[in-house]
Amino acid sequence: MTGVLARRTAAEHLVAADAHSAHNYAPLPVVAASAQGAWITDVDGRRYLDVLSAYSALNFGHSHPHLLAAAHDQLDRVTLVSRAFQHDRMAEFCSRLAALCGKELVLPMNTGAEAVESGIKVARRWGYRVKGVAPDRAAITVAAGNFHGRTTTIVGFSDDPSARDGFGPFAPGFRMVPFGDAEAVRASLDADSVAVLLEPVQGEAGVVVPPAGYLAEVRRICDEAGVLLVADEVQSGLGRTGRTFACEHEGVVPDLYLLGKALGGGVVPVSAVVGDADVLGVLDPGSHGSTFGGNPLACAVGCAVLDLLEAGWPQRRAAELGERLAARLEALVGHGLTAVRTTGLWAGVDVDPALGTAREVCKDMMARGVLAKDTHGATVRLAPPLVISEEDLDHAVDVLAEVLRLRSVPAQR
Ligand SMILES: *Cc1c(COP(=O)(O)O)cnc(C)c1O
């Protein structure tokens, strides 16, 4: 019986998965069976170059041997005790992650959305207990075009109709301003304000990099107003932009870092809120928690991820390969692309609508063995694993260029 199942073709897997999984995604029709580095092999033995990296959760590539070794080793010892007891991997993970961030305390959680939710709770409690905001008045300023996850509080302050429709009523306490406009942040703040919550680079929005000086100006505005700056680096952090944190490009240190995705190395979900004791210290026993947050397996994999980041090569590689990627993509503007935005090894490219949608371009790329993901209709997002070779990176761009060229010849569409 299992032999029969194992021999399902990709097409059969797709039909079977569609029958019993909720339809909250429309995946490209590839069925992975194994993966290594930047390459995925499907159930029929076809190989695909992965230039999405699970939205940067796979910054270090699939099956990184150091991360897998740490996971295997920990699996045989202890994987979960809950936070009711302590375990022998917690201290190392939290102290090393705090040091990487230049902060004092770490709150370990699991998913990115939980890190964001936790950051919101910490900022509000800080507002009441430290800043002295009147009860239930705390306001958090957020940016238009944001993506911070999928919980009801978080989608309540999204401006993406597809993320919100049918999920209200939503939590109050959020003020939205245009992304990239520091004066709008200043104008949004008053005595009730406790935090400004931003992605330093908006990933889901299409790799939107704010104007130079924006983050530094928002930092100054927060300091003047006595408001926390909370940086959602779930996607932008941990090497993707060529630095450990995207905030570093402007010398900005937020009051809270929200981390996730790559923190678990693509092996297990690991997220965290990182800050100093005068902020994160507002949490006391019983005020917040998570059954799985900071479990031994997560901490072991997280420590192995920290080994890689402390060595510095992922950040360097993102910076080096990123220059190459940017130069090659910019040459395609006017040749099927209308705009290119890049930072580190991360790009959002806008497809000329005359050639089709970004989704159609991704399907064409898949047919040629390269897996990328569209966002917001016209944008293809490229975020290859930082371990990708120069040749493979060039190949991905060659395939994109070929797809765009063929689409500009109507007869071949
Ligand atoms: C992906 C993402 C999240 C949510 O992470 P999940 O693990 O999917 O809950 C939050 N913030 C940003 C910036 C993200 O890119």
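**View 1. Lys 261 meets the ligand.** In this predicted model, an N or O atom in the side chain of Lys 261 sits 2.7 Å from an oxygen atom of the ligand. Taken alone, the ligand exposes 380 Å². The protein buries 81% of that area.

**View 2. Asp 232 and Gly 112 also reach the ligand.** Asp 232 uses its side chain: a polar atom there lies 2.7 Å from a nitrogen atom of the ligand. Gly 112 uses its backbone instead. A polar backbone atom of Gly 112 is 2.8 Å from an oxygen atom of the ligand.

**View 3. The shell around the ligand.** Which residues surround the ligand? They are Thr 111, Gly 112, Ala 113, Phe 147, His 148, Gly 149, Glu 199, Asp 232, Val 234, Gln 235 and Lys 261. Three residues of this shell are nonpolar, five are polar and three are charged.

**View 4. Two domains.** The domain assignment splits the protein into domain 1 and domain 2. Domain 1 is made of two stretches, 2–63 and 315–408. Domain 2 covers 65–313. Their C-alpha centres are 27 Å apart. Domain 1 gives 31 residues to the contact, and domain 2 gives 33.

**View 5. The interface between the domains.** The size of an interface is often given as the accessible area lost when the parts come together. Here domain 1 and domain 2 bury about 2600 Å² between them. Carbon and sulfur atoms carry 57% of that area. Which residues of domain 1 lose the most area to domain 2? They are Phe 60, Gln 315 and Trp 346. Together they make up 34% of what the domain 1 side buries.

**View 6. Polar links across the interface.** Between domain 1 and domain 2, 20 residue pairs are in polar contact. How many salt bridges cross this interface? The rule finds one. A salt bridge joins the side chains of Glu 204 and Arg 381, with 2.9 Å from N to O.

Note on methods:
Residues numbered from 1 in each chain as written. Predicted model: local features only at pLDDT ≥ 70, side-chain atom pairs only at ≥ 80, totals over all residues. Heavy atoms only, no water. Near = heavy atom within 4 Å. Polar contact = N/O pair within 3.5 Å; in protein donor to acceptor, adjacent residues only side chain to side chain. Areas by Shrake-Rupley, 256 points an atom, 1.4 Å probe, with all protein chains shown as cover. Nonpolar A, V, L, I, M, F, W, Y, C, P; charged D, E, K, R; others polar. Domains from an automatic or database assignment. Contact = heavy atoms within 4.5 Å. Buried area = accessible area lost by both parts, 1.4 Å probe. Salt bridge = Lys/Arg side-chain N within 4 Å of Asp/Glu carboxyl O.
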